[in-house]
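Hi,

Here is the structure I said I would pass on. Have a look at it first, and then read my notes below.

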Amino acid sequence: MSETALEADIAAIQAEIDAAPLATPDDAETFRVRFLGRKSGVVTDLFSKIGAVPPEQRREMGQRLNGLKQSAQDRLDAALADLESGTEAGATDLDLTLPGRVPAPAERGSLHVLTQTLADIQDIFRSFGFAVARGPEIEDDWHNFTALNFPPDHPARDMQDTFFLEAPAPEGRGVLLRTHTSPVQVRVLEAQPPPVRVIAPGRVFRNEAISYKSYCLFHQVEGLVVDEGVSFADLKAMLTAFARAFFGASDGPAREAKMRFRPSFFPFTEPSAEVDVWWADESMPGGGRWMEILGSGMVDPNVLVNVGVDPERYTGYAFGMGVERMAMLRHGIDDIRLLYENDVRFLRQF
Ligand code: DAH
């Protein structure tokens, strides 16, 4: 092989090396195999032809082939470096504002209808100047019953079917899941002297047969006002104002807040009254029925004595309402169990 033929080959391959595409990792691999491959690479191939060059020119041709090989290696190294930093540059360009690849936009949730009802009740009483108090769901016998003037073994305890716990009783008192929020009355009066004006929202538990109108757990909001000169007229005015604020603001069936006070009995109030709200239903004989929403009354002097408040100086009223009942009346829900099934087809309506 003559020097010129080899020179021509070198020039052609140099042109190829300079023009070969090197934009992708695949390009780079093809390039490496073609120009730098040890077995079939074209540059290796040219080295094998050097023996045919006249001896005095071999040295120079060898140097030129080495240069050719080096230029291929340099282009490949540069391309690989570019490819690598290219991916990094891509990472910093990541567009965080691109919408995610979700087939449909994620659905927005909402507050459970009971949570909404509780919040509305609390807002109304806060606007009337009530503070919010809380008590434990696991109560003792003293706070749930005895201090509230339910004597031990008195039949009045049968009004509330109770879940008793087998936990060791502090100071000999039985432990139970509270059956109402009224024990918070006792806890508040034990902790602070009158004047008192609080509500106590929370969960209560009863060992009752589950039906469209009763469940083993439900919510109550207790109210307690104790001060000098508090009368039954104050109680009646407060509850009437509350019912107007709560039902008057809604489009529910009891929109006009048709309500009545009915004499009743509770061990911890004297006198006592229950409040009913009219449930309008065209399909019922009489166009609807009365639905009880709360119990109330003047705090029994025995309760005040039990917590160390002087009943000669102070009087008070109390009430306790069922939150589920309020939600059902407001929205026309006819089965309490719907509130606990967590079926989104039901919940999404509120
Ligand atoms: N705690 C009673 C119940 O769950 C309801 C009640 C009645 C609460 C009269 C009161 C009240 O504060 O004065 O059945």
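Let me start with two rings: Phe266 and Phe268 are both buried. Keep in mind that this is a predicted model. The ring centres of Phe266 and Phe268 are 5.9 Å apart and the planes meet at 35°, so this pair is classed as tilted. Tilted is the label for whatever falls between stacked, under 30 degrees, and edge-to-face, over 60.

There are 14 aromatic pairs in the structure. One of them is Phe145 with Phe150, an edge-to-face pair with 5.1 Å from centre to centre and 75° between the planes. Are those two rings buried or exposed? Phe145 has a relative accessibility of 1%, so it counts as buried, and Phe150 is buried as well, with a relative accessible area of 1%. The cut-off for buried is under 20%.

Ring pairs also tie a set of phenylalanines into a cluster: Phe125, Phe128, Phe130, Phe242, Phe246, Phe247 and Phe319. Phe130 has a charged residue over its face too, since Arg197 lies there at 5.4 Å from the ring centre. Another charge sits over a ring at Trp278, where the charged end of Lys258 is 4.5 Å from the ring centre.

Now the sheet. It is open, has 7 strands and mixed pairing, and its order is S1-S5-S6-S10-S9-S8-S7. Which strands stand at the edges? They are S1 (131–132) and S7 (259–266); each has a single partner strand, so one side of each is left without a neighbour in the sheet.

At the S7 end, the partner is S8 (residues 269–280), and the two strands pair in the antiparallel sense over 7 bridges. If you want a spot to check by eye, Arg262 has Glu274 of S8 as its bridge partner. S7 and S8 are joined by a hairpin through 2 residues.

Elsewhere on the sheet, helix H7 (residues 183–191) lies across three of the strands: S5 (196–205), S6 (217–227) and S10 (315–322). Relative to S6, helix H7 runs at about 40°.

If you only have time for a quick look, I would go to the edge strand S7 and its hairpin to S8, and then to the phenylalanine cluster that includes Phe130 and Phe319.

Cheers

Methods. Residues numbered from 1 in each chain as written. Predicted model: local features only at pLDDT ≥ 70, side-chain atom pairs only at ≥ 80, totals over all residues. Heavy atoms only, no water. Pairing = 2+ DSSP bridges. Helix = DSSP H or I, 4+ residues; strand = E, 2+ residues; numbered from the N terminus. Contact = heavy atoms within 4.5 Å. Axes fitted to C-alpha atoms, helices over the stretch in contact; angles between N-to-C directions. Phe/Tyr/Trp six-rings, centres within 6.5 Å; stacked < 30°, edge-to-face > 60°. Buried < 20%, exposed > 50% of the residue type's maximum accessible area, 1.4 Å probe, protein only. Lys NZ or Arg CZ within 6 Å of the ring centre and 35° of its normal.
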